[in-house]
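Q: Could you take a close look at one part of this model for me? I'd like to hear about a single strand and what sits around it.

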Amino acid sequence: MKFQGISAQFADANADALAVPVFKGEKPSDGLLKELDKLTGGLVASLYKAEDFKGDSGSEALIRFENRGKGKASRLLLLGVGDEKDYKPHSVAAASGAATRFFRKRNIKSFALLPRGGADAVTTAQNAVQGAITSQFELDKYKTKDKNEKAVNSLVICIDGAKPADLKRGIDRGEAIGESMNFTRDLANEPPNILTPSEMARRAQAMAREVGLKCEVLDEAKMIKMGMGSLMSVSLGSEQPARLIVLRYTPARSTGKKGDLLALVGKGITFDTGGISLKPGEGMDAMKYDMSGGATVLGTMRAIALMKPSVPVLGVVAAVENMPDGKASRPSDVVTAMNGKTIEILNTDAEGRLILADAVAYAEQQGATRIVDMATLTGAVIIALGDINTGIMGNDQDFVDEIVECGREAGEGFWQLPVGPEYSKQIRSDIADIKNIGPRGKAGTIMGAVFIQEFVDKAKWAHLDIAGTAWCDGVKPHQAKGPTGVAIRSLINLVEKSQ
Ligand code: BES
Ligand code: ZN
Ligand code: ZN
């Protein structure tokens with residue numbers, strides 16, 4: 001997709017169509033709508049008169065009009081975006097995405113967007129571009145027919161008074177973020193026979209080469225040597241060897257707090273059968289996305305490498321397959337993690353926390369002072385928060401607050417659940433230091449978090465349970481159904497705020 005930023009007259013843009021977000025309550029008799037009414041020879045006013053369009057959120061109206069200029073648009077899409085006060089900088093991404101999908105369906109190849117909203121030109125262009133890119137992601141990679149061949153291939157972003165340098169910077173940033181989100185979504189959508197732990201590592205290496213990140217892949221021998229008995233226990237039942245993927249971003253010049261190292265750590269279970277605590281067959285296919293946390297780390301690191309913030313970031317992905325087999329862990333096995341803690345495995349389906357235990361301990365050993373881990377960790381978070389909010393828990397309230405705020409700015413919801421000694425007590429084991437599950441039916445999401453917390457020493461730490469938000473079962477105006485790429489934009493904000 002090609003992007004161009006202009007500060008010239010919107011109606012004069014070289015494109016097949018024009019698109020404008022419209023607020024509820026705007027009148028065709030004044031302001032922008034009045035201009036558009038003039039452009040369309042009164043068609044905006046008639047649309048309003050017929051009460052066909054009022055700017056309600058999610059509504060859309062396409063107007064065809066005579067535009068005599070050569071190469072000039074002759075269609076105008078009005079996109080209802082609801083109340084103006086709710087139209088945030090990130091809303092531009094959803095509006096741009098909705099317009100892109102609208103035109104793509106109708107095989108219209110190019111359009112000009114007047115993004116509106118009060119944000120600066122860089123932010124506005126960035127959101128417009130990211131929204132357009134992520135909106136065209138589809139699940140049909142493996143279809144040989146009935147594939148969606150239609151695509152919008154050109155977007156002109158019109159921002160009145162914007163400097164060319166700002167437009168370019170916004171477009172570059174939007175491309176980096178949008179393509180990185182799609183990179184993550186593509187991984188999450190890959191079938192587990194194709195995306196094995198080793199294949200995930202190879203994709204990480206190829207991506208790292210492409211964007212200039214350092215990438216190290218630890219094999220099983222290395223992990224055993226380092227004492228990662230918890231992570232390795234999950235891999236025992238699988239023919240596929242586990243991999244620990246380590247990505248390092250180092251800025252040319254560092255401006256952050258001295259000694260601070262942010263680490264992003266992800267659960268990369270390429271398929272979760274549950275192991276010996278086997279999951280029911282129905283719905284098990286969904287468990288191919290159980291590597292979404294890891295894919296989120298890879299996508300975020302990709303974007304960071306392209307955007308070049310002035311702080312270092314460490315990315316760690318534990319890529320493992322959870323299978324039942326003669327060699328698999330049994331409920332009641334005891335294993336030792338790399339920090340020396342012993343774990344009684346009472347349910348082999350609570351495997352995400354077992355691999356994250358060693359992955360977060362490794363991140364801290366590598367010098368991390370702040371750790372965000374992300375994982376499709378519990379079914380319980382879906383019951384609590386649905387697919388709207390990501391569950392967040394942590395050991396430092398300011399750090400949690402900061403991430404929640406980064407999410408708000410990105411348009412991504414995080415909702416905090418509590419942790420604390422009363423919860424931690426519930427994973428004490430009779431025979432080992434801790435057990436990998438809490439009492440049945442009680443605070444399942446929190447139990448996952450307090451388990452991981454046992455492997456964090458001094459670092460500030462936050463845990464994101466993205467089981468509900470990493471996959472969306474329904475199509476949205478701006479987004480196909482399937483993997484969402486959730487948390488990437490929020491984490492980029494977090495990294496950039498540390499500069
Ligand atoms: N990957 C699952 C969590 C999950 C479940 C994600 C459903 C998305 C949809 C995780 O490994 C798991 O199986 N968790 C168990 C934990 C339980 C055994 C304590 C769960 O949530 O049931
Ligand atoms: Zn599981
Ligand atoms: Zn799992």
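A: Here's a walk around strand E14 and its partners, with a short stop at a pair of helices afterwards. Keep in mind that this is a predicted model.

E14 covers residues 389-394, and 6 of its 6 residues are buried, so the strand is largely enclosed by the rest of the structure. Its side chains split between two directions: Asn 389, Gly 391 and Met 393 point one way, while Thr 390, Ile 392 and Gly 394 point the other way. Whichever way they point, all of these residues are buried.

Now for the neighbours. On the parallel side of the story there's strand E15 (residues 413-416), joined to E14 by 4 bridges. If you want a spot to click on, Asn 389 has Gly 413 of E15 as its bridge partner. To get from E14 to E15, the chain passes through helix H12 (residues 397-410), and this β-α-β crossover is right-handed.

E14 also pairs with strand E17 (residues 460-465), this time in the antiparallel sense, over 4 bridges. There, Met 393 is matched with His 463 of E17 as its bridge partner.

And the helices? Helix H5 (residues 164-189) and helix H15 (residues 488-497) have axes that come within 10 Å and cross at roughly 130°, so H5 and H15 are oblique to each other. The crossing of H5 and H15 is right-handed. H5 brings Arg 173, Ile 177, Ser 180, Met 181 and Thr 184 to the contact, and H15 brings Ile 488, Arg 489, Ile 492 and Glu 496.

Terms used:
Residues numbered from 1 in each chain as written. Chains lettered and ligands numbered in written order. Predicted model: local features only at pLDDT ≥ 70, side-chain atom pairs only at ≥ 80, totals over all residues. Heavy atoms only, no water. Buried < 20%, exposed > 50% of the residue type's maximum accessible area, 1.4 Å probe, protein only. Pairing = 2+ DSSP bridges. Right-handed = clockwise from strand over helix to strand, strands pointing away. Axes fitted to C-alpha atoms, helices over the stretch in contact; angles between N-to-C directions. Parallel < 35°, antiparallel > 145°, perpendicular 65-115°, else oblique. Left-handed = near helix turned anticlockwise from the far one by under 90°. Contact = heavy atoms within 4.5 Å.
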